[in-house]
Amino acid sequence: MEKQLLSINDEPVVHEYMEMLFDHDKKDEYDQTKELIEYIAGMEKQFEEVTRELHDVKELLNNLQNPATKSRLSTVVDKTLTAINTGKNRLDQLKLNVVSSMKDCLASFKQKGKDGVIKTINIFHFKEALGGIRKSLFIAMNKTNHLVQTCDAVTSEMRNAKRNLRNVGRLILGRPVQKDTADKSKLNMMQKSTRSMLSVFKSMATKTTNMLHKIEDFEKPSVKSEIKLLRNSTKSKNLKVHEKKEQSR
């Protein structure tokens with residue numbers, strides 16, 4: 001059985017690392033790391049949500065009476081599950097890397113003592129991992145959308161089942177038309193669940209894109225810093241010009 005990872009908010013090392021940053025006035029690093037932790041925690045909850053929804057879809061699928069319908073939907077559901085697992089595994093790996101980096105920083109701090117330089121995790125190193133998660137989410141969205149469309153098509157066909165030749169024959173023989181009422185009810189619930197999954201994936205993709213943009217913003221020097229650097233450079237140039245004038249007199 002696969003070992004269940006702790007949620008990032010339940011990792012003791014995360015709290016210890018954040019306390020170290022706070023206690024030593026590492027405000028920028030604290031704020032940046034907090035953004036990343038909140039992103040991961042939110043994504044964990046949403047992956048739980050879509051996994052639970054897909055589990056419900058599979059339960060409904062297994063209870064369908066029509067074998068052709070069951071076979072047709074099973075393939076699409078399995079592909080959707082693979083896409084979800086890929087994205088979740090990438091998020092888990094990102095979390096493991098973040099936690100591991102925090103452990104290294106804390107070990108360095110404890111080894112060097114309180115007067116040593118505070119080593120912090122490099123947020124920018126996680127850009128590639130976030131890009132991979134976003135790619136997985138787009139694939140999951142595509143597979144889920146295909147599942148939604150397949151459910152819609154199957155449900156529509158079932159609503160028009162009375163027009164099938166098989167049912168025409170039953171009418172000629174004076175037998176009741178087969179409407180697969182039980183299957184229609186299950187398919188309606190599947191439609192609802194798959195649409196909910198698609199909505200969650202869209203939200204997750206948006207959050208991941210926003211997190212990538214924030215990291216890019218973290219990398220840019222602040223406007224104030226650029227102005228200060230420009231002023232210092234201008235002062236330095238003016239001083240050199242003044243010195244040359246003085247020497248030429």
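**α1 against α2**

I began with the pair α1 and α2 in this predicted model, and I noted that their axes make an angle of about 155 degrees; since angles over 145 degrees count as roughly antiparallel, the two helices are therefore roughly antiparallel to each other. The axes of α1 and α2 lie 9 Å apart, and I recorded the crossing of this pair as left-handed. On the α1 side I listed Val14, Tyr17, Met18, Leu21 and Phe22 as making the contact, and on the α2 side Glu29, Tyr30, Thr33, Lys34 and Ile37. Sorted by class, the residues joining α1 to α2 come to seven nonpolar, one polar and two charged.

**α2 against α3**

Next I looked up helix α2, which spans residues 27-62, together with helix α3, which spans residues 67-112. I found an angle of about 160 degrees between them and a separation of 10 Å between their axes, so α2 and α3 are roughly antiparallel to each other as well. I also entered the passage of α2 across α3 as a left-handed crossing. For the contact of α2 with α3 I wrote down 18 nonpolar residues, alongside six polar and six charged ones.

**α1 against α3**

I then turned to α1 and α3, whose axes are 9 Å apart and meet at an angle of about 50 degrees, and that angle makes α1 oblique to α3. The crossing of α1 and α3 is again entered as left-handed. From α1 I noted Val13, Val14, Glu16, Tyr17 and Met20, which meet Val99, Met102, Lys103, Cys105, Leu106, Phe109 and Lys110 of α3. By class I have nine nonpolar and three charged residues in the contact of α1 with α3, and no polar ones.

**A salt bridge between α1 and α3**

I looked up the salt bridges next and noted a count of six. One that I followed up joins the side chains of Lys110 and Glu16, with 2.8 Å from N to O. Lys110 belongs to helix α3 and Glu16 to helix α1 (residues 12-23), so that I could record a link between distant parts of the chain, 94 residues apart. Both Glu16 and Lys110 also appear in my list of residues through which α1 and α3 meet.

**Confidence**

Lastly I checked the confidence of the prediction, and I noted a mean pLDDT of 83 for the protein chain, with 77% of the residues scoring at least 70. Among the elements of the chain, α2 has the highest mean pLDDT, 95, whereas helix α5 (residues 165-172) has the lowest, 50. I also marked residues 222-227, over which the pLDDT is below 50, and for this stretch I recorded one contact in the model beyond near neighbours in sequence.

Definitions and conventions: Residues numbered from 1 in each chain as written. Predicted model: local features only at pLDDT ≥ 70, side-chain atom pairs only at ≥ 80, totals over all residues. Heavy atoms only, no water. Axes fitted to C-alpha atoms, helices over the stretch in contact; angles between N-to-C directions. Helix = DSSP H or I, 4+ residues; strand = E, 2+ residues; numbered from the N terminus. Parallel < 35°, antiparallel > 145°, perpendicular 65-115°, else oblique. Left-handed = near helix turned anticlockwise from the far one by under 90°. Nonpolar A, V, L, I, M, F, W, Y, C, P; charged D, E, K, R; others polar. pLDDT = per-residue confidence, 0-100. Contact = heavy atoms within 4.5 Å. Salt bridge = Lys/Arg side-chain N within 4 Å of Asp/Glu carboxyl O.
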